[in-house]
Amino acid sequence: MLRLKLLTPLLMLCAAFTAALPLAGAAQTKKTHALSLVGEPKYPADFKHLDYVNPNAPKGGEIKLASVGGFDNLNPFIPKGDEAPGLAFLYETLMGSPMDDISAEYGLIAESVEVPDDLGWVAFDLRPQAKWADGAPITAEDVAYSFERIKAEGEPMMQYYYANVTRAEILGPRKVKFHFTGPPNRELPQIVGQLPVLQKSLWEKRGFDKVTLEPWAGSGPYRIKEFQANRYIVYELRSDWWAKDLPLNKGRYNFGSIRFDVYRDSTVTLEAFKSGQYDYRSENIARVWNTGYEFPARANGLVKLEEIPHHRPTGLSGFVFNLRRDKFQDVRLREALTFSYDFEWANKTFFFGQYSRTNSYFENSDFAAQGIPGADELKLLEPLRTQLPARVFGPAFKSPETDGSGADRNALRKARELLNQAGYAVKDGSLRDKNGKAFEIEILLADPSFERIAAAWGQSLQRLGIKLNIRTVDSSQYVNRTRAFDYDMIFGGWPQSNSPGNEQRSFWSSAAADNPSNRNYAGIKDAAIDKLVDAVIFAKSREELIAATRALDRALTWGFYAVPGWTLRKDRIAYWDKFGKTDIVPKYGNEFMSWWVDPAKDAKLREAMRR
């Protein structure tokens, strides 16, 4: 189960509910403060605050952040326009996950949650103190409205995410029940817990499905103070926020105001940080991390750099084939192109040896396929044997390795053999199909920093007679083209969570392949994969989930739907030294919204920058 981008400002990971298997007779129910997939929730019902926060952190101060691209929409719930950064600060969900217990969700708008052991429904009791910014109470009617609109008209992925949630039933002003269909699904209670709750009276007037630049307020910690489309947006902390003293929130959301400035490309964004135009950034480019921060403010100790290890599943990112294009239909061609990518050379040349190669769509987790299929995996795979590649039943996939020279003869020889088997031959310096048509690829990028990586791969492809064209577009064009699946290839990926589930439909299912704005970037249409996705979604236990996910991983990796990229099991952050934070680092990565502006550090920094 994946926490969607519209559900959190930092794209946190999520989890699902641990429930007993269905029992004979009448269903038993359990009412609780939290739901967890792995054992019991870390925090008991009477917990006071999260371990990694400072409950007495001072509130106030201004922080500035950066956003690359632009925005023309303040409605983050629909697949239209470019949404402004930070809009998730305006609203809340029924439940929330902390970064030290992402396999659990705790009540937020919901005071308690009730689930029967047959997993046929989930019911939430709303907190009586939960209020909108205008002082009106949050009601069950608001919750039901939010579900109905988001499922029907929201991001297309939500149709798959909520596919087995049939309806919301209002049981009282502060109680709402969601009914499920299909086999028992252990994660559905928490999937519903992630629902963003919207004020019905406000959104009925605005029009839920409309692109808008009209500011709005919800029930969240911040409100919009000011903005200018495509330039900046400022949020201010609400002194009247009803949830500020909840155990899940105490010590979080400490910044008095948060400003996002918009920059057009990553190079300008870095220079803006170095000149003090904004305060905090995550770094995902190894070259920049190793060479881009040598400037006076860092040398003088005004800027800090940290590498923070994490235990999050990292998923897979890489060069993704679009199987909607006829040119990529032959799996032998896709495998050949996988052999043509020299990760070892790129890691040494571009990445300062910091990365490891990705071998799984569920990298850095128990869900990644290992060795040969176990008995539980074979129960799922054997009925599909005639529909799956034979190698699915052997050792787990491992990305090809090269000698790191950038022109490994053995790797290129294997690629040529596969291309010949697929009916391709080099003529007049170009790889051509049986009809003599030259084979070319266009890769669509949004970030110029990836151009040199793609260009290096293009040199390897050229040795095979393949021309790689690189097209870098602005963020708006990139969003529109990827929504419409208008590309040969992209450098993209699929983030994973600590409990894979319903989101896998949007990633891999045949139904999602031709549904615009979904995340089936590769255009996979495979009945066997559809069945394995269902096995993941309807797993009855953690053990069944692991087996099903590993089986799905084998089918995906041996299908060669992407050229696997690389992974890093740590967060790299850079910040101006104005912040306070505790010494406790959450297991699953840094949570910036638990930091605060330290008045003494902030004053010292301002004085140093005036000199």
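This text walks through a predicted model of one protein, from its overall form to a few single residues.

The protein has 611 residues, and a compact globule with that many would have a radius of gyration near 25 Å. The value for this protein is 25 Å, which agrees. Along its principal axes, the C-alpha trace spans about 75 × 75 × 45 Å. The secondary structure comes to 18 helices and 26 strands.

Of the 611 residues, 58% count as buried. The surface that the protein exposes amounts to about 24200 Å², and carbon and sulfur atoms supply 49% of this area. Among contacts with a separation of 6 or more, 74% are between residues 24 or more positions apart. As for charge, there are 81 positive and 77 negative side chains, and the centres of these two sets lie 2 Å apart.

The interior comes next. The largest nonpolar core holds 84 residues, of which Leu94, Phe124, Phe178 and Phe255 touch the most other members. Helix 1, residues 140–153, gives this core its largest share, six residues. Apart from this core lies another, of 83 residues, and among them are Met157, Phe328, Phe393 and Leu412.

Phe255 shows how distant parts of the sequence meet. Leaving aside neighbours within four places in sequence, its contacts include Gly60, Gly61 and Ile63, as well as Tyr222, Leu237, Phe579 and Trp595.

Trp595 can be followed in turn. Its place is in the loop between strand 25 (579–580) and strand 26 (596–597). Is Trp595 buried or exposed? Its relative accessible area is 2%, and a residue under 20% counts as buried, so Trp595 is buried. Not counting residues up to four places away in sequence, Trp595 touches Asn254, Phe255, Tyr280, Ile573, Tyr575, Phe579, Gly580, Lys581 and Asn590. Ile529 makes a contrast: Trp595 and Ile529 are 66 residues apart in sequence and 42 Å apart in space, C-alpha to C-alpha.

Pro55 also lies in a loop, between strand 2 (34–36) and strand 3 (60–68). With a relative accessible area of 26%, Pro55 is partly exposed. Pro55 and Arg252 are 197 residues apart along the chain, yet their C-alpha atoms are separated by 7.9 Å. Beyond its neighbours within four places in sequence, Pro55 is in contact with His49, Lys250 and Gly251.

Helix 8, residues 331–339, is mostly covered, with seven of its nine residues buried. The buried residues are Leu333, Arg334, Glu335, Ala336, Leu337, Thr338 and Phe339. What do they pack against? Their partners are strand 15 (316–321), helix 11 (409–421), strand 19 (440–445), helix 12 (451–463) and strand 22 (562–564).

Two residues remain, and both concern the backbone. Most residues other than glycine have a negative phi. Ser517, however, has a positive phi, near 80°. Ser517 sits in the loop between helix 15 (510–513) and helix 16 (527–537). Because its relative accessibility is 18%, Ser517 counts as buried. Phe560 likewise has a positive phi, near 50°. Phe560 lies in the loop between helix 17 (542–557) and strand 22, and with a relative accessible area of 3% Phe560 is buried. Strand 22 was met above, as one of the elements that the buried residues of helix 8 pack against.

Technical notes:
Residues numbered from 1 in each chain as written. Predicted model: local features only at pLDDT ≥ 70, side-chain atom pairs only at ≥ 80, totals over all residues. Heavy atoms only, no water. Helix = DSSP H or I, 4+ residues; strand = E, 2+ residues; numbered from the N terminus. Rg over C-alpha atoms; globule rule 2.2 N^0.38 Å. Buried < 20%, exposed > 50% of the residue type's maximum accessible area, 1.4 Å probe, protein only. Contact = heavy atoms within 4.5 Å. Areas by Shrake-Rupley, 256 points an atom, 1.4 Å probe, with all protein chains shown as cover. Lys, Arg positive; Asp, Glu negative; His and termini not counted. Charge placed at Lys NZ, Arg CZ, Asp CG, Glu CD. Core = buried A, V, L, I, M, F, W, Y, C linked by side-chain atoms within 4.5 Å.
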